[in-house]
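Take a minute to turn the model around on your screen before reading on. We'll walk through it one piece at a time.

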Amino acid sequence: MDTSSFVDAPLDQLITRAREQGIQVDGKPTATPDASASDANRIPAGKRPHSVAVSPDGTRLYTTSFESGTVSVIDLESTAIVATIDAVAAPYGVAAHPDGHTLHVASPSAETLVRIDLDTGFPTQNGFGHAPYGVAVSPDGVRVYLTLAKEDSLWVTDHFAMQKFTEIPGIAFPTGVAVTPDESLLYATNYFGGKVSVVDIAQKTVTATISVGPDPYGAALSHYGDRLYVAHFGSKSVSVIDTGNLTVTETIPVADDPRGIAVSRDGTRLYVTSFFADCVTVIEL
């Protein structure tokens with residue numbers, strides 16, 4: 001698969017900005033097929049799946065398809081795509097609302113946050129002049145967290161990005177975001193920094209950083225918040241972080257350029273989007 005000319009404008013813009021700041025960036029990841037990878041742990045997920053979210057009842061996955069501008073709905077029992085929903089051009093992050101009826105999709109290219117009604121499949125979007133890369137929803141469903149990677153900040157907003165509740169600056173190139181169950185902390189990956197920022201939400205300050213290695217992209221927390229999982233896009237791995245002592249306890253190799261990541265509701269599996277392989281890789285924990 002030749003991906004050298006593949007256009008991912010939001011990522012290209014981050015790479016250009018990083019180089020302007022004197023950061024050494026070799027280039028964007030390209031597909032390097034792994035002959036040892038098994039098809040047994042892969043689920044078809046649409047064209048260029050970027051991010052993944054698990055439904056509140058744990059029965060479905062939602063993946064954003066960057067190339068087609070859609071969301072794939074995957075039934076986990078049959079491991080098949082059961083619906084495709086039109087979303088927005090070049091969708092990146094996706095988060096499932098705890099009500100079970102709503103998805104939130106971020107598009108940095110369109111500078112919009114999309115709210116999808118899963119009952120009707122109808123998307124509502126609001127262009128708000130900023131480019132959201134990652135998205136997470138608060139446990140009570142009231143607030144939406146957006147990573148603004150080109151602005152080195154995060155926004156806390158409502159479902160339609162109509163109201164900025166607060167902004168948290170000073171986080172370099174944030175892409176993935178995860179919020180603790182008690183909504184006291186959030187974790188944001190710093191794509192070119194090889195680390196994760198730990199943010200006190202109430203104080204709007206970075207309280208710690210966790211070194212995780214190159215290209216940290218997507219982030220997901222376990223149900224109890226004791227483990228943070230980080231997908232490394234270019235270096236083909238997942239870091240497992242103990243959030244109690246803020247250290248990496250395990251590194252799991254993953255084929256096919258992992259980008260987005262989610263944890264099953266029972267905590268026994270990881271779902272990782274394989275961007276160039278058009279699938280979700282399932283990792284047993």
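How many of the residues of β7 are buried? Six of its six residues are, which leaves β7 mostly covered. Here "buried" means under 20% relative accessible area, "exposed" means over 50%, and "partly exposed" is in between (1.4 Å probe, protein chains only). Strands such as β7 are DSSP runs of E with at least two residues, and they are numbered from the N terminus.

Before going further, some ground rules. You're looking at a predicted model, where local features need pLDDT of at least 70, side-chain atom pairs count only at pLDDT 80 or more, and totals for chains, interfaces and linings use all residues. Residues are numbered from 1 along each chain as its sequence is written, and side-chain values use heavy atoms, with hydrogens and water left out.

Back to β7. In a regular strand the side chains alternate between the two faces of the sheet. You can follow this in β7: Thr-102, His-104 and Ala-106 point one way, while Leu-103, Val-105 and Ser-107 point the other way, and all are buried.

Now look at who sits beside β7. On one side there's β6 (94-96), which pairs with β7 in the antiparallel sense over three bridges. (Two strands pair if DSSP finds at least two bridges between them.) Val-94, for instance, has Val-105 in β7 as its bridge partner. The hairpin of β6 and β7 has five residues between the strands, and Gly-100 there takes a positive phi near 80 degrees.

β7 also runs antiparallel to strand β8 (residues 112-117), joined to it by six bridges. One bridge partner to find is Arg-115 in β8, which goes with His-104. This hairpin has four residues between its strands. Glu-111 lies in the loop between β7 and β8, and its phi is near 50 degrees, a positive value in a residue other than glycine. That's worth a second look, because most residues other than glycine have a negative phi. At 31% relative accessibility, Glu-111 counts as partly exposed.

Let's zoom in on Thr-102, which belongs to strand β7 (residues 102-107). Is Thr-102 buried or exposed? Its relative accessibility is 4%, so Thr-102 counts as buried. The side chain of Thr-102 makes a polar contact with the side chain of Asp-99, at 3.1 Å. A polar contact is a pair of N or O atoms within 3.5 Å; within protein, one must be able to donate a hydrogen and the other to accept it, and residues adjacent in sequence count only if both atoms are side-chain atoms. Leaving aside neighbours within four places in sequence, Thr-102 is in contact (heavy atoms within 4.5 Å) with Ala-95, Ala-96, His-97, Arg-115, Ile-116 and Leu-118.

The hairpin pattern turns up elsewhere too. Strand β16 (residues 195-200) and strand β17 (residues 205-211) pair in the antiparallel sense over six bridges, and Asp-200 has Thr-205 in β17 as its bridge partner. Four residues lie between these two strands, and Lys-204 in the turn has a positive phi of about 60 degrees.

Next, find strand β2 (residues 49-54). Six of its six residues are buried, so β2 is largely enclosed by the rest of the structure. β2 pairs with strand β3 (residues 60-65) in the antiparallel sense over four bridges. The bridge partner of Pro-49 in β3 is Ser-65. Their hairpin has five residues between the strands, with Gly-58 taking a positive phi near 75 degrees.

β2 also helps to line the largest pocket: it supplies at least two residues of the lining, as do β6, β10 (134-137), β14 (174-179), β18 (216-221) and β22 (258-263). A pocket, on a 1 Å grid over the protein atoms alone, is an open set of points where a 1.4 Å probe fits, with protein on both sides within 12 Å along at least five of seven lines; lining residues have an atom within 4 Å of a point. About 920 Å³ of space lies in the largest pocket. Of the 40 residues that line it, the closest to its centre are Ala-96, Ala-136, Val-137, Leu-221 and Arg-265.

Finally, go to Val-272 in strand β23 (residues 269-274). At 0% relative accessibility, Val-272 counts as buried. Among the residues that Val-272 touches are Val-238, Ile-261 and Val-280, not counting residues up to four places away in sequence.

Note on methods: Points joined across faces, edges and corners; volume = space filled by probe spheres on them.
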